[in-house]
Amino acid sequence: MAPGAPEVDRAPRLVRDRPALAAVRAALPGPVGLVPTMGALHAGHRALIERARRECASVVVSIFVNPTQFGPGEDYERYPRALDADLRVCEASGVDVVFAPDAATIYPAGFSTSVDPGPLGTVLEGAARPGHFRGVATVVTILFGLVRPDRAYFGQKDGQQAVVVDRVVRDLGLPVDLVVVPTVRDADGLALSSRNAYLGEDERRAAPVLHRALQAAAGDHARGERDAARLRARMQAVLAAEPLARPDYVSVADGLTLEELDVVSGPALLSLAVRFPSARLIDCWPLA
Ligand code: AMP
């Protein structure tokens, strides 16, 4: 751009297959930041993109609703897909490249490898959704291989996912630095999520109960409560006051191993999953 020329939004390059991505990637100035998403982009995704934009010379956003991280009977088919709107968000946020492959590009004929994150992938969300984190770890590893980012940006919103991906990166020695970005919330505390679109009006009004439960327990922790059972009970009590919310689990776990704690003595993760009639929502809160 000529000095003094007005800055204009430039449409990101949209690439859909591996050869096109390799060609575009080869010409990107580093450091390259990758923001992996499943699309239907909202202000939570935008926070990751904006952070990457500030920290990296080039920003790649991947948009891929990954079939292998959905279980039978989950919402893979009805998961919101909105590529045109997503491209506009990416353009307005200064993204350089959007990688939007189809399933056969990520999993070509003969594909047979998977990345299993072990016990970290079998607790919490992994217990409720068997195979979910094998799907996540596998697709993230493929994306890292194809995009070769210097940095990759993940949301605190999916706290267990960030812990799992960090473990995979360290175990496999992948040359990428992870950045975890704080959760973006609506004014009433509800964490932004593409799945919030499933909620009816009453459910949407009830949904901030997840945040209230986390805040109640985090407040107790800040005032010195270290008994994990009492922190879990506190979250359960807040959730119990909301008739539309059916808790799946509440957890107070070690921040690195995700093992359930008796006593909170270091970095920990409060997390919960709650079923509403139309959607299952998750949220979490890190304790330093
Ligand atoms: P998804 O498209 O749901 O797979 O999310 C893509 C990335 O955006 C993941 O790293 C999420 O953790 C992150 N993300 C989703 N919602 C939020 C949010 N409300 N705040 C911050 N990050 C988010």
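The following paragraphs describe salt bridges in a predicted model and the solvent accessibility of the residues that form them.

The structure contains 20 salt bridges. One of them pairs Arg-134 with Asp-116, whose closest N and O atoms lie 3.7 Å apart. This contact links distant parts of the chain, 18 residues apart: Arg-134 belongs to helix α6 (residues 132–147), whereas Asp-116 sits in the loop between α4 (103–106) and α5 (125–128). The relative accessibility of Arg-134 is 38%, so this residue counts as partly exposed. Asp-116, by contrast, is exposed, with a relative accessible area of 52%.

A further salt bridge joins the side chains of Asp-220 and Arg-223, with an N to O distance of 2.9 Å. Here the two partners fall into opposite classes of accessibility. Asp-220 has a relative accessible area of 16% and is therefore buried, the cut-off for that class being under 20%. Arg-223 reaches 63% and is exposed, since that class begins over 50%.

The strands supply another case. Asp-248 forms a salt bridge with Arg-275, and the closest N and O atoms are 3.2 Å apart. This pair also links distant parts of the chain, with Asp-248 in strand β7 (residues 246–254) and Arg-275 in strand β8 (residues 268–275), 27 residues apart. Asp-248 is partly exposed at 33% relative accessibility, and Arg-275 is likewise partly exposed, at 34%. The contact between them does not stand alone: salt bridges with shared partners connect Glu-125, Asp-248, Arg-275 and Arg-280 in one network.

Technical notes:
Residues numbered from 1 in each chain as written. Predicted model: local features only at pLDDT ≥ 70, side-chain atom pairs only at ≥ 80, totals over all residues. Heavy atoms only, no water. Salt bridge = Lys/Arg side-chain N within 4 Å of Asp/Glu carboxyl O. Helix = DSSP H or I, 4+ residues; strand = E, 2+ residues; numbered from the N terminus. Buried < 20%, exposed > 50% of the residue type's maximum accessible area, 1.4 Å probe, protein only.
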